[in-house]
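Reader: Hey, can you walk me through this one? I'm new to this, so plain words please.
Author: Sure, here it is.

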Amino acid sequence: MKKKRYHGVAGTNGYGVYDDHDSISISRHLIRSFTMKSSQDLDEAKAFAGDTYRYLQDETFGIYEIGEVEKRTGPIAGNS
């Protein structure tokens, strides 16, 4: 008998756990920054989905900090 697989799904606007591919196909189009991990353990799939969703809610996710400019090597576009 084939073992059941659970699919933890998460994104910036939601998360969940599915056991069928039709639901995954639908959610793939609705969830931004879609991420998925499959497992035979339901609790592992739930943990992945919840942890990933919470990580994506961190306000610093996706923000890149540019270090201080020490030296200008040429003209800035539009300025001569």
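Author: One term to begin with: a contact means heavy atoms within 4.5 Å. Among contacts in this chain between residues at least 6 apart in sequence, 52% join residues at least 24 apart.

Reader: Ok. Anything I should know about the model before we dig in?
Author: It is a predicted model, where local features need pLDDT of at least 70 and side-chain atom pairs count only at pLDDT 80 or more, while totals for chains, interfaces and linings use all residues. Residues are numbered from 1 along each chain as its sequence is written, and side-chain values use heavy atoms, with hydrogens and water left out.

Reader: Cool. How many helices and strands does the chain have?
Author: There are 2 helices and 3 strands. Helices (H or I, at least four residues) and strands (E, at least two) are DSSP runs, numbered from the N terminus. Along the sequence the pattern reads β-β-α-β-α.

Reader: And what order do the strands take in the sheet?
Author: The order is β2-β1-β3, in an open sheet of 3 strands with antiparallel pairing. Two strands pair if DSSP finds at least two bridges between them. The edge strands are β2 and β3, each pairing on one side only. On average, neighbouring strands of this sheet are turned by 10° against each other, direction ignored. For angles, axes are lines fitted to C-alpha atoms (for helices over the stretch in contact), and the angles run from 0 to 180 degrees between N-to-C directions.

Reader: How many bridges do β1 and β2 pair over?
Author: They pair over 5 bridges, in the antiparallel sense. β1 and β2 also form a hairpin, with 2 residues between them. If you want a spot to look at, A10 stands opposite Y15 in β2.

Reader: Switching to helices. How many residues does α2 have?
Author: Helix α2 covers residues 42–57, so to speak its own stretch of 16 residues. From its first C-alpha to its last it reaches 23 Å, close to the 22 Å expected at 1.5 Å a residue. That expected span is 1.5 Å times one less than the number of residues.

Reader: Where does α2 lie?
Author: It lies across β1, β2 and β3, running at about 5° to β1. The buried residues of α2 pack against β1 (6–11), β2 (14–18) and β3 (35–39).

Reader: Which residues of α2 are buried?
Author: They are A45, F48, A49, G50, T52 and L56. Buried means under 20% relative accessible area, exposed means over 50%, and partly exposed is in between (1.4 Å probe, protein chains only). For the chain as a whole, buried residues make up 24% of the 80 residues.

Reader: Let's pick on a serine. Is S27 buried or exposed?
Author: S27, in helix α1, counts as buried because its relative accessibility is 4%. A polar atom of the S27 side chain lies 3.1 Å from the backbone oxygen of I24. That fits the idea of a polar contact, a pair of N or O atoms within 3.5 Å; within protein, one must be able to donate a hydrogen and the other to accept it, and residues adjacent in sequence count only if both atoms are side-chain atoms.

Reader: Which residues is S27 in contact with?
Author: Leaving aside neighbours within four places in sequence, S27 is in contact with V9, Y18 and F34.

Reader: What about S39?
Author: S39 lies in strand β3 and counts as buried, at 6% relative accessibility. Its side chain reaches the backbone nitrogen of D41 at 3.0 Å. Again leaving aside neighbours within four places in sequence, S39 is in contact with K4, R5, Y6, E44 and A45.

Reader: Last topic: how many salt bridges does the structure hold?
Author: It holds 3. A salt bridge is a side-chain nitrogen of Lys or Arg within 4 Å of a carboxyl oxygen of Asp or Glu. One of them joins K4 and D19 at 3.2 Å, N to O. That pair links distant parts of the chain, 15 residues apart: K4 is in the segment before β1, and D19 is in the loop between β2 and α1 (21–30).

Reader: Which side chains meet in the others?
Author: E44 and K37 meet at 3.8 Å, N to O, and D51 and R54 meet at 2.8 Å, N to O. D51 and R54 are separated by about one helical turn, because they are 3 residues apart in helix α2.
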